[in-house]
Amino acid sequence: DQGGVVFGARFDDKWDVVHDYTETIDGIAAFRGSKYLQSIIGDSYIQAEKFLKQGREVMFTGTPCQVAGLKKFLRKDYENLLAADIICHGVPSPKVWQQYHNEATNSKTSYVNMRYKQNGWLRYNMCIKGANGNSCFHKPFYENPFMQAFLADLILRPSCYACPAKGGSSGSDITLGDFWGIERENPDFFDDKGVSLVMLHNDKELSMLDNCDVEEMSFASALDGNQSL
């Protein structure tokens, strides 16, 4: 609404994950949802710098290493940049994902949801729909071989095992993630639909939370259930 630009990760027509930008509210939909594999940055840093130099408001979302990479690429701070990273478990290999995807479905894919929450937030499935968009191939994450390998840290890119960008060191303004353990820390706030953890590293966009259903928690309580931090 302010004439800004949002960068995020989306699936392409081959169901790989790529970074892209949108200048419309509708375009943000493609960036929503978890995508458990490494995204291709492409020329997103160059595009972001161009928009920033034009004076436009830019929100750039990505993994901590991608935000750290953007900051190093820009070489200076921009007041019109809002950088948001995620609590990152690590990013699996795109090659492993494509092999799994090809084996999981024999038809063309029309829809992928790596965090399909029809059975609840804690018991999520991965859902892959065929070309007709009707049938959904899905299994709970604990029965899905791709998710098992991901959660067991077997298919992450080598740099993820010694990540220098985690723990709030990426230079982001905001860190987003799931509030694991919310059912213990604040049972009244838990509804099995998903509770987000939002960590503000400065007050740049504090006002954006004014219209949200927010409960302030201690960092220790957030850290307790989020070891990926």
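**Exercise 1. Work out which residues of S3 make up its covered face and which its uncovered face.**

Start with the principle: in a regular strand, side chains alternate between the two faces of the sheet. Now go to S3 in this predicted model. Val58, Phe60 and Gly62 belong to the covered face. Met59 and Thr61 belong to the uncovered one.

Next, look sideways at the partners. S3 and S4 are paired in the parallel sense, with five bridges. Across in S4, Met59 has Leu82 as its bridge partner, and Thr61 stands opposite Ala84. S1 also runs parallel to S3, joined by three bridges. There, Val5 has Val58 of S3 as its bridge partner.

**Exercise 2. Place S3 in its sheet: what is the strand order, and which strands are at the edges?**

Step one is the order. Reading across, you get S2-S1-S3-S4-S8-S9, an open sheet of six strands with mixed pairing. Step two is the edges: S2 and S9 (196-200) each pair on one side only, which makes them the edge strands. Step three is the twist. On average, neighbouring strands here are turned by 25 degrees against each other, direction ignored.

As a reminder of what holds such an arrangement together, strands of a sheet pair through backbone hydrogen bonds, either parallel or antiparallel.

**Exercise 3. Find out how H1 and H2 sit on the sheet, and what angles they make with S3 and S4 respectively.**

Take H1 to begin with. This helix lies across S1, S2, S3 and S4, and runs at about 160 degrees to S3. Then H2: this one packs on the sheet too, touching S2, S3 and S4, with its direction at about 150 degrees to that of S4.

Now zoom in on one residue of H2, Gln66. Its relative accessible area is 8%, so Gln66 is buried. What does Gln66 touch, once neighbours within four places in sequence are set aside? The contacts are His19, Ser39, Ile41, Tyr45 and Phe60. Two of these names come up elsewhere in the exercises: Phe60 is on the covered face of S3, and Tyr45 is a buried residue of H1.

**Exercise 4. Decide how many residues of H1 are buried, and say what covers them.**

Count along the helix, residues 44-53: seven of the ten are buried, so H1 is mostly covered. By name, they are Ser44, Tyr45, Gln47, Ala48, Glu49, Phe51 and Leu52. For the cover, look to strands S1 (5-11), S2 (17-22), S3 (58-62) and S4 (81-86), and to helix H2 (64-74), all of which are included in it. Past the end of H1 comes Gly55, with a positive phi near 85 degrees.

**Exercise 5. The whole structure has six salt bridges. For three of them, the pairs of Arg56, Arg115 and Arg184, work out which parts of the chain are joined.**

*Arg56.* The partner is Glu23, with 2.9 Å between the closest N and O atoms. Arg56 is in the loop between H1 and S3, and Glu23 in the loop between S2 and H1, so parts 33 residues apart in sequence are tied together. Arg56 has 21% relative accessibility and counts as partly exposed; Glu23, at 45%, is partly exposed as well.

*Arg115.* Here the partner is Asp178, at 3.0 Å from N to O. Arg115 lies in S5 (residues 109-116) and Asp178 in S8, so this pair ties parts 63 residues apart. Now compare exposure: Arg115 is buried at 8%, while Asp178 is partly exposed at 24%.

*Arg184.* This one meets Asp224, the closest N and O atoms being 3.7 Å apart. Arg184 sits in H5 (residues 182-185) and Asp224 in H6 (residues 219-225), 40 residues apart, which links distant parts of the chain. Arg184 is exposed at 53%; Asp224 is partly exposed at 48%.

**Exercise 6. Identify the residues that form a nonpolar surface patch with Leu176, and give their accessible area together.**

The other members are Ile86 and Val198, and the three together show about 200 Å² of accessible area. Leu176 lies in strand S8 (residues 174-178). How exposed is Leu176? At 32% relative accessibility, Leu176 is partly exposed. That value clears the bar for patch members, which need over 30%.

Conventions: Residues numbered from 1 in each chain as written. Predicted model: local features only at pLDDT ≥ 70, side-chain atom pairs only at ≥ 80, totals over all residues. Heavy atoms only, no water. Patch = residues over 30% accessible without salt bridge, like charges linked within 9 Å, V, L, I, M, F, W, Y side chains within 5 Å. Areas by Shrake-Rupley, 256 points an atom, 1.4 Å probe, with all protein chains shown as cover. Salt bridge = Lys/Arg side-chain N within 4 Å of Asp/Glu carboxyl O. Helix = DSSP H or I, 4+ residues; strand = E, 2+ residues; numbered from the N terminus. Buried < 20%, exposed > 50% of the residue type's maximum accessible area, 1.4 Å probe, protein only. Contact = heavy atoms within 4.5 Å. Pairing = 2+ DSSP bridges. Axes fitted to C-alpha atoms, helices over the stretch in contact; angles between N-to-C directions.
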